[in-house]
Amino acid sequence: MKEIAKLGAILLLVAAIAAGVLAFTNSITAPIIEDREKEVALQAYKAILPDADEFQEWSAEQMKAIKETHSKVDSIVEAIKNGEVVGYLFTTKGGGYGGDIVVITGITEGKIAAIKILKHKETPNIGTKIEDPAYQERYAGVGAETNIQLVSSKKDAQEVEKISGSTVSSRGVVAAVNAAIDCYKDVK
């Protein structure tokens, strides 16, 4: 019995030390990771709406009100040129095969300027085809007044062709873009 108690105490001590080391490491790396994610997002904003001079993110209070009706919207950023809002960038989520697909959708003048896949956990060489610039370009110029339809063969301006063999990932991207469109209709 004493041996079990001794082993339990040693295990508890090792677990406590490991937890302490992990907590310390997290406290050091979390701000670095957050800064890196913000830099990646800013680069995506500049790529999507390159004419903008600055990008202004909506406050937490503004986002709280939006999230009451648009739960898949993570952030809204106004693209500003010469002091005037020229477009919006919506960071939204859609369900993919491996979990949430995070997409930034840039909308200006009632049309999608471009999209950028920010994060995903899709299957390599199948679902990861959503990262292909040619796939993402399918969204450019599509109207932001009505939702996009995912189809096998495009016949209408509000349709986007799915990726063959990657329908779930394609649906996730369309769901994220449609969440941005729904929010845009309320924001504009």
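**From a loop glycine to the cores and the pocket**

Gly98 touches Lys121 and Glu122, leaving out residues up to four places away in sequence. The model that shows this is predicted. Gly98 sits in the loop between E3 and E4. Is Gly98 buried, exposed or partly exposed? Gly98 counts as partly exposed, because its relative accessibility is 36%. A further pairing places this loop residue relative to another part of the chain. Val168 is 70 residues from Gly98 in sequence, yet the two C-alpha atoms are 9.4 Å apart in space.

Step back from that loop into strand E3, which covers residues 84-96. Thr92 has its place there. Thr92 counts as buried, since its relative accessibility is 0% and the cut-off for buried is under 20%. What does the side chain of Thr92 have beside it? A polar atom of that side chain lies 2.7 Å from the backbone oxygen of Ala176. The wider surroundings of Thr92, leaving aside neighbours within four places in sequence, fall into several stretches of the chain. Lys72, Val73 and Asp74 are in contact with Thr92. So are Ile101, Val102 and Val103. Ala176, Val177, Ala179 and Ala180 complete the list.

Val177 leads on to the nonpolar interior. The largest nonpolar core has 30 residues. Which of its members touch the most others? They are Ile76, Phe90, Ile112, Tyr139, Ile148, Val173 and Val177. Helix H2 (60-67), strands E2, E3, E4 (99-108) and E5, and helix H4 (167-187) each supply at least two residues of this core. Helix H4 gives the most, with nine residues. Val177 itself is in contact with Thr92, Val103, Thr105, Ile112, Ile115, Tyr139 and Ile148, setting aside neighbours within four places in sequence. Apart from this core lies another, of twelve residues. Ala41, Ile48, Ala79 and Leu89 are among them.

Stay with helix H4 a moment longer. Ser170 is found in this helix. Ser170 is buried, because its relative accessible area is 0%. Beyond residues up to four places away in sequence, Ser170 touches Ile130, Tyr135, Tyr139, Leu150, Lys162 and Ile163. Tyr139 thus appears again, since it is in contact with buried Ser170. Eleven residues along the chain from Ser170 is Glu159, and their C-alpha atoms are separated by 12 Å.

Gln158 is another buried residue, with a relative accessible area of 14%. Where does Gln158 lie? Its place is the loop between strand E6 (149-151) and strand E7 (159-161). A loop position is therefore no bar to burial here, because Gln158 falls under the 20% cut-off. Its contacts outside the four-place window are Val142, Gly143, Thr146, Asn147, Ile148 and Gln149. Ile148, named above, is one of the core residues that touch the most other members.

Now turn to the exposed positions. Asn82 is in the loop between E2 and E3. Asn82 counts as exposed, because its relative accessibility is 65%. Asn125 lies in the loop between E5 and helix H3 (133-136). Asn125 is exposed as well, with a relative accessible area of 66%. What is notable about the backbone at these two places? Most residues other than glycine have a negative phi. Asn82 has a positive phi, near 50°. The phi of Asn125 is also positive, about 65°, although Asn125 is not a glycine. Helix H2 offers an exposed residue too. Ala60 lies in that helix, and its relative accessibility of 68% is why it counts as exposed. Ser75 is 15 residues from Ala60 along the chain, and their C-alpha atoms are separated by 9.0 Å.

The last stop is empty space. Rolling a probe the size of a water molecule over the atoms shows where such space is left. How much space lies in the largest pocket? The value is about 490 Å³. The lining has 16 residues. Glu37, Lys38, Ala41, Tyr45 and Leu118 lie nearest the centre of the pocket. Ala41 is also one of the residues in the twelve-residue core. Helix H1 (2-48) and strands E1 (54-57), E2 (73-81) and E5 (111-119) each supply at least two residues of the lining. Which element gives the largest share? H1 does, with seven residues. By class, the lining has eight nonpolar, two polar and six charged residues.

Terms used. Residues are numbered from 1 along each chain as its sequence is written. This is a predicted model: local features need pLDDT of at least 70, side-chain atom pairs count only at pLDDT 80 or more; totals for chains, interfaces and linings use all residues. Side-chain values use heavy atoms; hydrogens and water are left out. On a 1 Å grid over the protein atoms alone, a cavity is a set of points where a 1.4 Å probe fits but cannot get out, and a pocket is an open set with protein on both sides within 12 Å along at least five of seven lines; lining residues have an atom within 4 Å of a point. Grid points are joined across faces, edges and corners, and a volume is the space filled by probe spheres set on the points. Helices (H or I, at least four residues) and strands (E, at least two) are DSSP runs, numbered from the N terminus. Ala, Val, Leu, Ile, Met, Phe, Trp, Tyr, Cys and Pro count as nonpolar, Asp, Glu, Lys and Arg as charged, and the others, Gly among them, as polar. Buried means under 20% relative accessible area, exposed over 50%, partly exposed in between (1.4 Å probe, protein chains only). Contact means heavy atoms within 4.5 Å. A polar contact is a pair of N or O atoms within 3.5 Å; within protein, one must be able to donate a hydrogen and the other to accept it, and residues adjacent in sequence count only if both atoms are side-chain atoms. A nonpolar core is a set of buried Ala, Val, Leu, Ile, Met, Phe, Trp, Tyr and Cys residues joined through side-chain atoms within 4.5 Å.
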